Amino acid sequence: MRGGLIRLLRSGIGKSAGIAARCVMSRLGELRQEAEWRKCVRSEKYFLEHYWYIAHPAEGRILFRLRKAQAEALEHWGEYRYSLSLKARQIGWTTLVAAHQFWLAFFHADQNIIDLSRTERESVLLLRKSKYGFSHMPRWMVDRGPKSLIEHQQKMGFANGSQITSMPSASDPARGESATLVVVDEWAFLPNAEEAWASIEPVADVGGRIIGLSTANGSGNFFHGLWVGSTTGANKFEPMFFPWSATEDRGPAWYEEKKQSMLPWQLAQEYPTTPEEAFVKSGNPVFDLDLLEEMQRHVRFGESGYLHRVSARAVEFRR
Ligand SMILES: Nc1ncnc2c1ncn2[C@@H]1O[C@H](COP(=O)(O)OP(=O)(O)OP(=O)(O)O)[C@@H](O)[C@H]1O
Ligand SMILES: [Mg+2]
């Protein structure tokens, strides 16, 4: 029986059946890839979680499993044309925006995406994150997608007419452009936050989207005004706040440790718990705001006396 089967396989019939089977398998493979491609076009989250790699400082190259806050931000960016994120440090926002802009450019035609960063170095680093993910995509997906036409430090361009240009804000790259998306990273720290806005605003006015991200940098500056406007409805931005706990691996013990190693204003700026804290206490204020708050609790109206500092963090009212 077995000998008969081997003889049959060795015969011409066996060979052509083998070739046919291989053809069917390869066609099936193509169909599966096409179905995957379509899923990725439909769902950005699906694409990122199945095909997008990021560089993690401790774990090396890993698939981009979106954190809850990152998934929320993606939805927000999809929903609103003007989005403003006030965020704590190192919660993965540059990584997310780099992946998002790549998905837009690769899977959609005629996207003109402009990134504005604080310095040239930061603009290169932002685009490098998009390139990193692109360079680790499966070969079949790269072949199925639009051909990459331009790739240099500050630009990626595809045959579908889409491109991403990443520049320092001072070079005024948005002026005269018709961008479909402008990303402003670390807005509060741009050397020309206000002028940057003056060149972006007309872009958005004709239909483009704006994603603004930043850690706070004290109050009273342009970014603070933009944030307040977004929360009071005075401008078109939709605000989103992401505190220090916006990544699942940070808990109270992590925060306690940071508290011990940073000055209060630094902690409030880099790792705020509330938007108020982010703005009021950040930017190295002249007064110790915790102490002022403590003092306010001890003041008794109608009585005269003085506040005595009993320790670095405590005061008492004395007559
Ligand atoms: N979902 C994720 N899972 C694991 N690691 C992540 C995830 N998202 C981002 N990271 C990693 O977190 C680190 C910080 O990311 P990123 O620089 O994007 O954060 P950021 O919020 O822009 O930080 P900064 O406040 O310094 O600008 C990076 O090493 C990145 O690879
Ligand atoms: Mg960043």
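Helices (H or I, at least four residues) and strands (E, at least two) are DSSP runs, numbered from the N terminus; the legends below refer to a predicted model.

**Figure 1. The shell of residues around ligand 1 in the predicted model.** Ligand 1 is surrounded by 19 residues, and A55, R89, Q90, T94 and T95 come nearest. Two elements, β1 (53-56) and α5 (93-107), each supply at least two residues of this shell. By class, the shell around ligand 1 comprises 7 nonpolar, 6 polar and 6 charged residues.

**Figure 2. Polar atoms of R65, K87 and T95 beside ligand 1.** A polar backbone atom of R65 is placed 2.9 Å from a nitrogen atom of ligand 1. For K87, a polar side-chain atom lies 2.9 Å from an oxygen atom of the ligand. In the side chain of T95, an N or O atom is 2.5 Å from an oxygen atom of ligand 1. On its own, ligand 1 has 640 Å² of accessible area, of which the protein covers 87%.

**Figure 3. The largest pocket, with ligand 1 in place.** Ligand 1 sits in the largest pocket of the model. The space in this pocket amounts to about 1,300 Å³. Its lining consists of 41 residues, and Q90, G92, T94, T95 and K129 lie nearest the centre of the pocket.

**Figure 4. Secondary-structure elements in the lining of the largest pocket.** At least two lining residues are supplied by each of β1, β2 (60-63), α5, α6 (120-135) and α11 (264-270). Helix α6 provides the largest share of the lining, with 7 residues. Divided by class, the lining of the largest pocket holds 16 nonpolar, 10 polar and 15 charged residues.

Key. Residues numbered from 1 in each chain as written. Chains lettered and ligands numbered in written order. Predicted model: local features only at pLDDT ≥ 70, side-chain atom pairs only at ≥ 80, totals over all residues. Heavy atoms only, no water. Near = heavy atom within 4 Å. Polar contact = N/O pair within 3.5 Å; in protein donor to acceptor, adjacent residues only side chain to side chain. Areas by Shrake-Rupley, 256 points an atom, 1.4 Å probe, with all protein chains shown as cover. 1 Å grid on protein atoms, 1.4 Å probe; cavity = no way out; pocket = protein on both sides within 12 Å on 5 of 7 lines; lining within 4 Å. Sits in = over half its atoms within 2 Å of the grid points. Nonpolar A, V, L, I, M, F, W, Y, C, P; charged D, E, K, R; others polar. Points joined across faces, edges and corners; volume = space filled by probe spheres on them.
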